[in-house]
Amino acid sequence: MYFAIIDKNNIIRLMNYDNVVSDEVIPKKDMERISLSDNSGVMKLSVSASNLYFIESDDNYIIVWYLDSKGELTKYMLRCRLKTVEDSFKGSSLVRCHRQYIVNMAKVKVLRKERDGYELELDNDKIKPIAVTKTYSENVLNQFSKFKKAQE
């Protein structure tokens with residue numbers, strides 16, 4: 001129990017960016033954190049929104065794909081429903097594009113029209129293009145255009 005409390009305090013301390021002193025101005029987008037909890041509500045992962053690529057559903061689990069501190073593509077699995085994640089991050093850069101995927105629109109390089117629908121190509125060559133189903137295509141198109149206009 002003692003070690004669990006120490007570990008949780010260290011996680012909270014590491015998440016707090018407000019007390020960082022630096023000569024460099026940290027962009028607001030780099031300070032935004034995505035915190036993911038399991039089904040019991042315990043926070044399991046907190047990652048910078050600028051490092052998160054996508055979240056993949058695998059039955060009652062999700063797999064979070066992100067860049068670690070070494071700049072390598074890493075995955076983290078936790079027991080949680082994709083619907084819970086979708087509801088938690090409405091209004092952010094995370095958008096549901098498929099029954100199985102939520103994508104960070106900040107990482108989308110190309111939105112391509114294919115014969116079967118649309119595909120999202122992310123800015124990491126190790127990640128295969130992610131399909132956009134008809135159910136989510138209108139929302140993805142709207143979010144893509146809004147996000148790209150905001151970046152200009």
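**Talking through strands, exposure and contacts**

Trainee: Why is Arg33 called partly exposed?
Mentor: Arg33 has 26% relative accessibility. Buried means under 20% relative accessible area, exposed over 50%, and partly exposed in between (1.4 Å probe, protein chains only), so Arg33 counts as partly exposed. Bear in mind that this is a predicted model, where local features need pLDDT of at least 70, side-chain atom pairs count only at pLDDT 80 or more, and totals for chains, interfaces and linings use all residues. Residues are numbered from 1 along each chain as its sequence is written, and side-chain values use heavy atoms, with hydrogens and water left out.

Trainee: What makes the link between Arg33 and Ser46 a polar contact?
Mentor: The Arg33 side chain reaches the backbone oxygen of Ser46 at 3.0 Å. A polar contact is a pair of N or O atoms within 3.5 Å; within protein, one must be able to donate a hydrogen and the other to accept it, and residues adjacent in sequence count only if both atoms are side-chain atoms. So the 3.0 Å pair of Arg33 and Ser46 falls inside that limit. Arg33 itself sits in strand S1 (residues 33-37); strands (E, at least two residues) and helices (H or I, at least four) are DSSP runs, numbered from the N terminus.

Trainee: And what makes Phe3 exposed?
Mentor: Its relative accessibility is 66%, so with the exposed class starting over 50%, Phe3 counts as exposed. Phe3 lies in helix H1 (residues 2-15).

Trainee: Why is strand S3 described as largely enclosed?
Mentor: Six of the seven residues of S3 (residues 52-58) are buried, so the rest of the structure largely encloses this strand.

Trainee: How do you know that S3 pairs with S4?
Mentor: Two strands pair if DSSP finds at least two bridges between them. S3 and S4 (residues 61-67) have six, in the antiparallel sense, so they pass. Leu52, for one, stands opposite Tyr66 in S4. In the hairpin of S3 and S4, with two residues between the strands, Asp59 takes a positive phi near 60°.

Trainee: What about S3 and S7?
Mentor: Those two, with S7 at residues 101-104, pair antiparallel over three bridges. Ile55 has Ile102 in S7 as its bridge partner.

Trainee: What makes S5 and S6 edge strands?
Mentor: The open sheet has five strands in the order S5-S4-S3-S7-S6, with antiparallel pairing. S5 (73-79) and S6 (94-96) each have a single partner strand, so one side of each is left without a neighbour in the sheet. For S6 and S7, the pairing is antiparallel over three bridges, and Leu94 has Asn104 in S7 as its bridge partner.
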